[in-house]
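Reader: I would like to learn how to read a model like this one. Where do we begin?

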Protein chains: 2
Amino acid sequence: MRISELSSRSGVSIATIKYYIREGLLPAGRPVAANQADYDEDHLRRLRLVRALVAERGLPVSTAADVLAVLAETGTQNGTDGTDGTDEDGAAGGEGRGVHRVLGRVFGAMDTARDRERAASEAGLTEVRRLVTAMGWRIHPRSAAVPALARALDALDQLGVRIDCRTLLPYARLAERTAEVDLDLLAAAPAGSDLAEHAVLLTVLLDPALLVLRRLAQEHHSAARQPDPT
Amino acid sequence: MRISELSSRSGVSIATIKYYIREGLLPAGRPVAANQADYDEDHLRRLRLVRALVAERGLPVSTAADVLAVLAETGTQNGTDGTDGTDEDGAAGGEGRGVHRVLGRVFGAMDTARDRERAASEAGLTEVRRLVTAMGWRIHPRSAAVPALARALDALDQLGVRIDCRTLLPYARLAERTAEVDLDLLAAAPAGSDLAEHAVLLTVLLDPALLVLRRLAQEHHSAARQPDPT
């Protein structure tokens, strides 16, 4: 299809499509004439994935590129290369191992360069490590999530809201149950689907939906708790 | 203090501080000489709040400005104006009513103009309304959260992942318990603290921390579920 059809079917403007191609988020079309290229269904699908990561999940373009690079390396685009999301040494462990590896690498990619520049405070890191120990979580010592959580606590602390390990515990227990729902959903992925891409969709792209669910629940409960206006 | 000290104490570059002032996120300093202005502790605190909304929470600058405008209207900056976060007709309901109003307006402000442009599908809206009914949630009919959730489902649907009301239910139940923890935490806010600002900190700024907790729990559980590599 022409770029105009790719644009109308995806709802993404031609200028933005060209920008994504320049930034390496989308492969260029197959040249068919001077100043004209042909795009196929794979382009459309990839463009929708880019759009979801950038517009829906709100990732910076460079971060979305890093996440897509992880998916490409783990052999994802259509799952027909026989690896089913396991990476180079994944054959030893099968699918469970493959998903774990992909998630670790995707989460690593999602820490933007800007995030890595800001060091977390020692106090914040200590609270997060206490929480991980209290939950009995087995976390990679260099997991990007540990400083990321510490930085989030630092930001609140600077604004006068002190969130310590004890305050976080009930949230962590609920997060644990949420992760169990996530992994059950992932285990129920239809046969033949691309496991690595499915893992990204159900983790990264479900984030905004879960935040909105919390907003809806907050709206209901703050209304339920308010005194009767009469 | 000079802008250079404001920069070093906040960790925000002078160029970025000037940009925030131009965009109306931060009030200008008090002019003391040609090309020189004086900033105080209120500027520093406000700058940290802007930084948390933009860098930590990832809100677009224009959205952060809308959220700050809601806080300013509800009389927040230091809580000394006697309204304690209740708005014009809040006297009838007291603090619970004030928090509910502020949350509703902040959530409305957080829907960026870009989000509002993209219409949610009827199918997505139907699933969200079914979920709200199934949960027994009392939600404002024009709540921005309803189309926001429908759009998140639409994005997944376009990528071949169908999330319906039944799939969302376990997540909604966990979100409900999370919101209860949120509101308990808010109810325990220290006396004299600014209730509206506190509500924003514990809802909007806790979002990234909760997403990271989910990532940590996913990392632990996907490791726990992977087959033993030996």
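Author: Start with the core. This is a predicted model. Its largest nonpolar core has 153 residues. L213(A) and L213(B) have the most contacts inside this core.

Reader: From which domains of chain A does this core draw at least three residues each?

Author: From domain 1 (1-56) and domain 2 (60-225).

Reader: Which residues of chain B does L213(A) touch?

Author: Leave out residues up to four places away in sequence. L213(A) then touches L131(B), W137(B), L149(B) and L168(B). Y171(B), A172(B) and A175(B) are also among its contacts.

Reader: Let me turn to chain A as a fold. What is the secondary structure of chain A?

Author: Chain A has 11 helices and 2 strands. Read the order next. Along the sequence, the pattern is α-α-β-β-α-α-α-α-α-α-α-α-α.

Reader: How many residues does chain A have, and what share of them is buried?

Author: Chain A has 230 residues, and 55% of them count as buried. Then look at the contact range. Take the contacts in chain A with a separation of 6 or more. Residues 24 or more positions apart account for 60% of these.

Reader: Now the voids. How many cavities of 30 Å³ or more does the structure hold?

Author: The structure holds 3. Read each cavity by volume, then by lining. The largest has a volume of about 250 Å³. Its lining has 15 residues. Nearest its centre lie T178(A), L210(A), T178(B), L210(B) and R214(B).

Reader: Which elements give two or more residues to the lining of the largest cavity?

Author: In chain A, they are α9 (165-187) and α11 (207-225). In chain B, they are likewise α9 (165-187) and α11 (207-225). Sort the lining by class as well. The largest cavity has 11 nonpolar, 2 polar and 2 charged lining residues.

Reader: What is the volume of the second largest cavity, and which residues line it?

Author: The volume is about 40 Å³. From chain A, the lining takes L211(A), R214(A), R215(A) and Q218(A). From chain B, it takes F107(B), M110(B), T203(B), V204(B) and D207(B). Two elements give two or more residues here: α11 of chain A and α5 (94-110) of chain B.

Reader: Which element gives the largest share of that lining?

Author: The largest share, 4 residues, comes from α11(A). By class, the lining of the second largest cavity has 4 nonpolar, 2 polar and 3 charged residues.

Reader: Next, the backbone. What sign of phi should I expect?

Author: Most residues other than glycine have a negative phi. Look for the exceptions. N35(A) is not a glycine, yet its phi is positive, about 60°. N35(B) also has a positive phi, near 60°.

Reader: Where does N35 sit in each chain?

Author: N35(A) is in the loop between β1 (30-33) and β2 (36-38) of chain A. N35(B) is in the loop between β1 (30-33) and β2 (36-38) of chain B.

Reader: Why does N35(A) count as exposed?

Author: Compare its relative accessibility with the cut-off. Exposed means over 50%. N35(A) counts as exposed because its relative accessibility is 87%. N35(B) is also at 87%, so N35(B) counts as exposed.

Reader: One last case. Where is A187(B) found, and is A187(B) buried or exposed?

Author: A187(B) is in helix α9 of chain B. At 65% relative accessibility, A187(B) counts as exposed. Check a distance too. A187(B) and V99(B) are 88 residues apart along the chain, and their C-alpha atoms are separated by 9.9 Å.

Key:
Residues numbered from 1 in each chain as written. Chains lettered and ligands numbered in written order. Predicted model: local features only at pLDDT ≥ 70, side-chain atom pairs only at ≥ 80, totals over all residues. Heavy atoms only, no water. Core = buried A, V, L, I, M, F, W, Y, C linked by side-chain atoms within 4.5 Å. Buried < 20%, exposed > 50% of the residue type's maximum accessible area, 1.4 Å probe, protein only. Domains from an automatic or database assignment. Contact = heavy atoms within 4.5 Å. 1 Å grid on protein atoms, 1.4 Å probe; cavity = no way out; pocket = protein on both sides within 12 Å on 5 of 7 lines; lining within 4 Å. Points joined across faces, edges and corners; volume = space filled by probe spheres on them. Nonpolar A, V, L, I, M, F, W, Y, C, P; charged D, E, K, R; others polar.
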